[in-house]
Structure formats: structure tokens, C-alpha cells
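Q: Could you walk me through how to read some features of this model, one at a time?
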Amino acid sequence: MDIVHIASEFAPIAKVGGLGDVTHGLCKALVKQGHRVTLFLPKYSSIDFQQVENLQIVKKEFAITEKKAQIFTTFWSGTYEGIALIFVEPHHPKAYFEREGIYGEEDDNERFLFFCKVSARYLDNNPPDVIHLHDWMTAAAALFLKNGAKKIFTIHNLQHQGRCAPNNLKNLGIEIEEEILSDYQYGESLNLMRGAFAKCDVITTVSPSYREEILTQEYGQGLERDLVKYRKKLKGILNGIDPEYWNPEQDRFLPTPYSIEEVTKGKAANKAYVQKHLSLSQNPEKPLVIAITRLVWQKGPDLILFGIEKTLELGGQFALLGTIFEPDLIESFAPYKDHPDVAIRLDYDEPLSHALYGAGDMLLMPSIFEPCGLAQMIAMHYGTLPLVRKTGGLRDTVHEEENGFLFEVPDNKGVASVLERAFASFGTEKWQEMIQRAMRSDFSWEKSAAKYLELYQS
Ligand code: ADP
């Protein structure tokens, strides 16, 4: 099949969170199964193009009209692990993708709407069999596409829906169909995700449990009525992780790589490295709890803070690697700056994340909601047992006292109970068995990619 993905992230060259890992992992698995896979990505100036092979211009001066002015775009092609990439470079006066980061700009709506429109126009001239869109950033492509390709929309996170002003769409010449685009909560805005739900042939979520949850008011983020209406075309497919990239035996970022058989020795060496590197007290006996996360409401930063306190009370160490989006949170973690048993790194640090997965004994993930979650699966591959809230993809991947520990209510009591249970089990024979089971879990993309293929072909 000829499959095109339009996405805002692709790991490792353009990654903010799990979305980048997912587009990479899914495309790679589809290529392995013999399909022609192309991914459209904005040509962010932050991309390290050394990692991309055969980079060349495929189309110059592709014109589209915005507010009666012609804007030109250059399309570049390249490959990464056999996946064809198309980098979209609009020569817009606002230099849409020549920014420091990927998101968080005031004109994010405009930037991604433009990317959607120009990609859709390009694809209308060269239609594939399937076009797969991901989250609000590419939802609008469903409105612009005019070719006969099958359209799939994946909800990676329902919290961000692409609310924009009608003018944003009018400027790009799109007719506004209020019925499918107006926002329930903010009447004056349009909602791009709603539009994609209506226009796509299939909607998917990234875990079966999240599919069920978003049909309810508690998790539906105001879109539950639509989702119930479209439930027949709504499917839940669990994400995978890339077993080659996240392999503790051959991980170029891991100070001491290790196999399942050598896990105890390997983890001890990595713990010693992390303790030294992060200026933690050098104590091999202390259980090391890690958290590797975007620090946003969804991920329960308050519960992580409480988890640090509880870990200290139980005699453990805590290492947090968190990306900050809300500057107020920096203050909350400041008191631990010089603590001998707490390390806080408020940064995005890929190599350190690998060292932590390799060194940790437990990963705390107290999510308020979790569409799938990759960190818990990665942790399991590295023999770090996940301590998670029973929600979404966490519910689908972590099983009590088999490969991790769960708690139901997202409050301090829940976090305390899960840490107490894990610490009571730490170091026992059962703990070792759980590590073995967790490391042998099959989270590879093959199964999930086969399920997507069924949808593509149906
Ligand atoms: P989300 O996509 O909601 O951020 P996931 O658990 O699905 O959460 O995926 C998070 C991915 O991003 C994992 O690969 C995790 O290791 C990585 N990650 C999150 N925060 C950081 C960070 N501060 N530094 C390095 N990697 C991070």
C-alpha cells in the first residue's frame, strides 16, 4: 500500500513527547511489512539534518494563496531508516518553522493550518491509498484534502483540540461548515479536531481503554457527544515502542548496557553512574524511583512532588527528568536542589532519560489521564517497574504485581499506597520475577501496525 502520514513530530529528529516516537515506530513497522510509507513533517529549523539521508529538493515554488497573496513552499525529501520523509518549508513572511521549539508559539494555529493546507494541496496532485493524520496539529488536513484517499485520524491526546478563530481558516480559503467545526465550549471558536472526526473514515485512539474513557464526560474533554455519535468508526489500538531503539542490551546512551540475564549487575552499574552524575548519595541499596515526563497537569506534577516526599520517607532516592511548560513549577521543585537523595533536572535530555531507565528501580507515573503512555513500556523493557495510575493505556499495559503496581484515585493517598506496596516488595524474589516478566513483555510495533493495516484496507 501507499501510505502517507502527516504529522508534527517524528523521533528522534523532531520530538517533544510520545507522538514523535509513535509516528516513527508505526512508520518503521509498516515499512518492514513491505509498504511504501511517506511522512510529511514541517521543516523545523531545529532539525539536525545530519541524521537524514539523501536530503534533496523535490518541488520548488509550490504556490498557494493566502489572503489573495501567493505564498511559495519548497518540498524536500529525505529518508530515515527506510521511511521516506517530506519536509515542508513554507517561505512565509512569518517564518513559520524557523523558531526555537516545535510548539508553544502564539501563532501555532496559523503555522500548522498552513502546513496542513500546503501538504493537502501537494497530495491532491499525488494521492496515495491512505492518509493518516495525528492530533489537532494535522486535523485540518482532513478539511483541505480533496483526493479520494482513505483518511484516518488518530487521537493521541484529546486535551488539545486545535481551537482557532474562523479567520484562521477563512484566510486560507476554506469554507466554514459550522455544523462540524464550531466549538461546544467556546462558541466563537472553531474546533479542528471536531472537523477531522467528521471528515475522516476512521478515528483511532492509542489504547483500547482510552477509547472507552473518552466516550464519557469525565474524559471526553467536551467532545464526548461527537465521539459517541462516531463510535462505530472509533477504534482503540495500543501503541508500541521501538524495540531496537529501546533495547537495554544495545543502547548507545546507556553507560552499562545489559541483557535480561545481567539485569541486576547492569542496573547496579547504571545506578552508580546516575548517582555520581546527578550528585546523589552513593548508596547501592536505596531504591531509586524515577519520573521522566512532560511536567503538565495531565502528568500529575503535584502527585510527583508528593511522590518525592513519600519516597524519602520510605528511605529511597528520587530522580526527576521533567520538561517544564509552566514556569511556576520550577519553584515547587527548588527546595530539593541540594538534597542528597533527590535529583531534579528540568530539561529535555534524551541521553539522561536512557541512563535513568537503566538505573531506576521504579518509575512513578501518576497521570490524571493517559491516552497510552510510552514511558511505562520503556521502563519495563529496562527492568524498571512502573507505579502508575489505573487509567487509559496504563491500565492496558501494567498489571498489578505481575509487571508493576497500580492505584485508582489520583491523590496523595493513592501515590502513598502504590509506593508503600512497591517498597515492601523491593528486593524480594517476587520482585526479581516481576522484573523478568516486565523485560520480556512484547511491546513491539508489529501487532499494532497489523491492526492499523486492517483499518487501512477495510
Ligand atoms: P507524552 O507523549 O504524553 O509526553 P509518553 O509517556 O507517551 O508521554 O511519552 C513520553 C516520551 O518522551 C518517552 O519516550 C519519554 O522517555 C520521553 N520524555 C518525556 N520527558 C522527557 C524529558 N524531559 N527528557 C527526555 N525524554 C523525555
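Q: Where is the place of Pro-12?
A: Pro-12 sits in the loop between β1 and α1; helices (H or I, at least four residues) and strands (E, at least two) are DSSP runs, numbered from the N terminus. The peptide bond that joins Ala-11 and Pro-12 is cis, with omega about 0°. A word on the source: this is a predicted model, where local features need pLDDT of at least 70, side-chain atom pairs count only at pLDDT 80 or more, and totals for chains, interfaces and linings use all residues. Residues are numbered from 1 along each chain as its sequence is written, and side-chain values use heavy atoms, with hydrogens and water left out.

Q: Which residue has a positive phi of about 70°?
A: That's Lys-68, although it is not a glycine. Lys-68 belongs to the loop between β3 (53–66) and β4 (69–80).

Q: Is Lys-68 buried or exposed?
A: Start with the scale: buried means under 20% relative accessible area, exposed over 50%, and partly exposed in between (1.4 Å probe, protein chains only). Lys-68 has a relative accessible area of 84%, so it is exposed.

Q: And what about the phi of Glu-81?
A: Glu-81 is not a glycine either, yet its phi is positive, about 50°. Look for Glu-81 in the loop between β4 and β5 (83–90). Its relative accessibility is 38%, so Glu-81 counts as partly exposed.

Q: On to strands: how many bridges join β12 to β13?
A: The general idea is that two strands pair if DSSP finds at least two bridges between them. Here β12 and β13 run parallel and are joined by eight bridges. One pairing to pick out is Arg-294 with its bridge partner Thr-323 in β13. Between these strands the chain passes through helix α11 (residues 301–313), a right-handed β-α-β crossover. By right-handed I mean that, with the strands pointing away from the viewer, the path from the first strand over the helix to the second runs clockwise.

Q: What about β13 and β14?
A: They run parallel as well, with four bridges joining them. Leu-320 has Ile-344 in β14 as its bridge partner, and Ala-319 stands opposite Ala-343 in β14. Add helix α12 (residues 328–333), and β13, α12 and β14 form a right-handed β-α-β unit. As for cover, seven of the eight residues of β13 are buried.

Q: What is Thr-293 in contact with?
A: Contact means heavy atoms within 4.5 Å. Thr-293 is in strand β12 and is buried, with a relative accessible area of 15%. Leaving aside neighbours within four places in sequence, its contacts include Leu-320, Leu-321, Gly-322 and Thr-323, as well as Lys-299 and Ile-304.

Q: Which strand does Met-365 lie in?
A: Met-365 is part of β15. With a relative accessible area of 9%, Met-365 is buried. Again leaving aside neighbours within four places in sequence, Met-365 touches residues including Glu-370, Gly-373, Leu-387, Val-388 and Leu-394.

Q: Why is helix α13 largely enclosed by the rest of the structure?
A: Count its buried residues: nine of the ten in α13 (residues 350–359) are buried, so the helix is largely enclosed. Among them are Glu-350, His-354 and Tyr-357. The buried residues of α13 pack against α10 (263–277), β12 (288–295), β13 (317–324), β14 (342–345), β15 (362–365) and α14 (375–381). At its N-terminal end there's a cap: a side-chain oxygen of Asp-349 lies 3.0 Å from the backbone nitrogen of Leu-352.

Q: What should helix α18 span?
A: Expected span is 1.5 Å times one less than the number of residues. For the 13 residues of α18 (residues 445–457) that gives 18 Å, and the end C-alpha atoms are 18 Å apart, which agrees.

Q: Which residues of α18 are buried?
A: Trp-445, Ser-448, Ala-449, Tyr-452, Leu-453, Leu-455 and Tyr-456. These buried residues cover an arc of only 160° around the axis, so they fall on the same side of α18; the arc is that of the directions from the helix axis to the C-beta atoms. An α-helix has 3.6 residues a turn, so residues three or four places apart point the same way. Covering the buried residues of α18 are elements including β1 (2–6), α1 (18–32), β6 (130–134) and β7 (150–155). On the other side of α18, Glu-454 and Gln-457 are exposed.

Note on methods
Polar contact = N/O pair within 3.5 Å; in protein donor to acceptor, adjacent residues only side chain to side chain.
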